[in-house]
Each structure stands twice: as structure tokens, then as C-alpha cells.
Amino acid sequence: MRHWRLILLGLGVIALGYLVHRFLPPQHNPLRPPSLIEPIGLATYGKLTALKYDEELCREKLIEAGVEFEVLRADGAEKKCPLDETLRLKRSLTPFNAAPLRMTCHQMAALHIWERHVLRPQAEKIFGSPLRQIETYGSFSCRNISGTRTRSQHSYANAIDISGFVLEDGTQISVQRHWRERSDAGKYLGRVHKKACRLFSTTLGPDYDAAHADHFHLDMGSVETCR
Ligand SMILES: [Zn+2]
């Protein structure tokens, strides 16, 4: 009799697992393959982190999302910061003011999700205007974290600094000028910063320290911080 109860319990667990897997939206289901097109969900960050270990799948997902890039071979040009293969962003949904942007694949994937599912829809929602341009101070840079002897994630092409945004109607949104301001620009910056924390390992803004007073630092390194 006890045997039958255990068998029934086991079958119940399997059936429940199947139903969850079958009907849970893919963005919340860690067993579903990643997609940069689906909305941000509970499993998005885990899937992005997993892309770090599957370069081929990561590039496939960027292509599927319409991101154009060029593969840069490890050329040994920067002796202090040798890189493995990295990507140069050629085209995403929104132009960036600075080029070239050299990044690891999973960093580019996180950036694309932020752009597609946060930056663009929030611009429409708050200002009623499409996003025209993303302003950046750059991605790859062979240097240490300011004031330390530790290599910055920028030196691994695994980070980007974002200083502001320009909308189609000409509105300028600047991290330096509008952070914490009680205005639509301030609201926009607060929201996109908060949502970046769900995608990148590290998100730093002006509240972190004076070195970040004019930009958001976003990276996919191993340290998890949201400040
Ligand atoms: Zn930075």
C-alpha cells in the first residue's frame, strides 16, 4: 500500500513539472532556450549569464534579434589587455553616438535586451517619443578601476558606460544633469537604471560614487552590484 502512495506521489510531481514547463511563459522558464526578443522575465538574467559559456548560441541569438556585428579576432594588439574573440557592434535598433563599440557577446546581448525592452518602450511611455540615440563614453578600454590596481571590466570588453539619451523630438536626457531630478527625464533615468540591475551583473550610477556622476556603468563581470 505504501508503495502505491509513493508511486502516485512521484507521478504527481512529474505531471506538475511537465505542466509548469509546458505553460510557464518562456521568459520565466529557465529550461527554455534564451531569446533576446521575448520580454524580460524571472529567468532572463540566468539565461544571459549562461550565454557567457556558449559563444555560438549567443551569436545566434544576436542575429535572431537583428543585431549586426563583426567578429574581431584576438590580435594581440593590446599587450596589457589581451582579448579572446570579441564582437564589434555594427547596428542595433538604435544608433549609439560613439563607435566602434567592442564587447563580449553576452555583454552585447544584455545591452540589446536593455535597449529593446527598457530604453525604447520607456521613452515612448514617459515622453511619447521614440528613442533616437544612445550616448556612450565607450566600451573596451585597457585600464584599471579608477583609484585601484584591479583591472576594470572595460579591459575585458565586458562593460559599457552610458551618459545619456536623445529622443526623436529632440529631448536630451543626461545622467549628469537629470539624475534624481523630479522631471520626466529624472523618472526615465531612475527606471532604466533600476531595470538594468535585472540584466547586468553590475549596474553603477551617480549614487555609487563621484566617478559615476555623469554615467551608468553596466557590465557582465562576476561581481553582482546594483547601486
Ligand atoms: Zn565603466
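Reader: Let's start with a single pair: which residue stands opposite glutamate 68 in E2?

Author: Happy to, with the reminder that this is a predicted model. Strand E1 covers 68–72, and E2 covers residues 86–91. The residue of E2 that stands opposite glutamate 68 is arginine 91.

Reader: How many bridges pair E1 and strand E2, and in which sense?

Author: Strands of a sheet pair through backbone hydrogen bonds, either parallel or antiparallel. Between E1 and E2 there are five bridges. The sense of this pairing is antiparallel.

Reader: And on the other side of E2, which residue in E3 does leucine 89 stand opposite?

Author: E2 and E3 are also paired in the antiparallel sense, over three bridges. Within this pairing, leucine 89 stands opposite leucine 101.

Reader: Which are the edge strands of the sheet?

Author: The three strands form an open sheet with antiparallel pairing, in the order E1-E2-E3. An edge strand here pairs on one side only, and that applies to E1 (68–72) and E3 (101–103). Your edge strands are therefore E1 and E3.

Reader: By how many degrees are neighbouring strands of this sheet turned against each other on average?

Author: Direction is ignored for this average, so antiparallel neighbours do not inflate the angle. The value is 35 degrees.

Reader: Which helix packs on the sheet?

Author: The helix in question spans residues 105–127 and touches E1, E2 and E3. Its direction makes about 35 degrees with that of E2. This is helix H4.

Reader: Where is the kink in H4 centred?

Author: H4 has 23 residues, and its first and last C-alpha atoms are 31 Å apart, close to the 33 Å expected at 1.5 Å a residue. Even so, H4 has a kink of about 40 degrees. The kink is centred on glutamate 115.

Reader: Which residue follows H4, and what is the sign of its phi?

Author: Helix H4 covers residues 105–127. It is followed by glycine 128, with a phi near 70 degrees. The sign of that phi is positive.

Reader: How many residues does H4 give to the largest nonpolar core?

Author: That core has 46 residues, and Leu62, Met108, Ala109 and Ala110 have the most contacts inside it. Take alanine 109: not counting residues up to four places away in sequence, it touches Leu36, Leu48, Leu51, Cys58, Lys61 and Leu62. H4 gives the most to this core, and its share is nine residues.

Reader: Is threonine 104 buried or exposed?

Author: Threonine 104 is found in the loop between E3 and H4. Apart from neighbours within four places in sequence, its contacts are Thr86, Tyr156, Ala157, Asn158 and Met220. The C-alpha atoms of threonine 104 and methionine 220 are separated by 9.0 Å, though the two residues are 116 apart along the chain. Because threonine 104 has 26 C-beta neighbours inside 10 Å, and the cut-off is 20 or more, it counts as buried.

Reader: What about glutamine 27, and how does it count by its C-beta neighbours?

Author: Glutamine 27 lies in the loop between H1 and helix H2 (44–51). Leaving aside neighbours within four places in sequence, its contacts are Glu38, Pro39, Ile40, Gly41, Ala43 and Thr44. With 18 C-beta neighbours inside 10 Å, glutamine 27 counts as partly exposed.

Reader: How many of the 22 residues of H1 are buried?

Author: The span of H1 (residues 2–23) agrees with expectation, because its end C-alpha atoms are 32 Å apart and 22 residues at 1.5 Å a residue should span 32 Å. H1 is hardly covered, however. Its count of buried residues is zero.

Reader: Which residues of strand E8 point the other way from Phe216 and Leu218?

Author: E8 covers residues 216–219 and runs antiparallel to E5 (residues 159–167), joined by four bridges; there isoleucine 160 stands opposite leucine 218. E8 also pairs with E7 (residues 202–204) in the antiparallel sense over three bridges, and threonine 202 stands opposite aspartate 219. Both sides of E8 are buried, and the residues you ask about are His217 and Asp219.

Reader: To finish, what percentage of the residues in the protein are buried?

Author: The protein has six helices and nine strands, and its C-alpha trace spans about 70 × 45 × 35 Å along its principal axes. Among its 227 residues, the buried part is 34%.

Terms used. Residues numbered from 1 in each chain as written. Predicted model: local features only at pLDDT ≥ 70, side-chain atom pairs only at ≥ 80, totals over all residues. Pairing = 2+ DSSP bridges. Helix = DSSP H or I, 4+ residues; strand = E, 2+ residues; numbered from the N terminus. Axes fitted to C-alpha atoms, helices over the stretch in contact; angles between N-to-C directions. Contact = placed C-beta atoms within 7 Å. Expected span 1.5 Å × (residues − 1). Bend = angle between axes of the 7 residues up to and from the residue. Core = buried A, V, L, I, M, F, W, Y, C linked by C-beta atoms within 7 Å. Buried ≥ 20, exposed ≤ 12 C-beta atoms within 10 Å, placed from the backbone.
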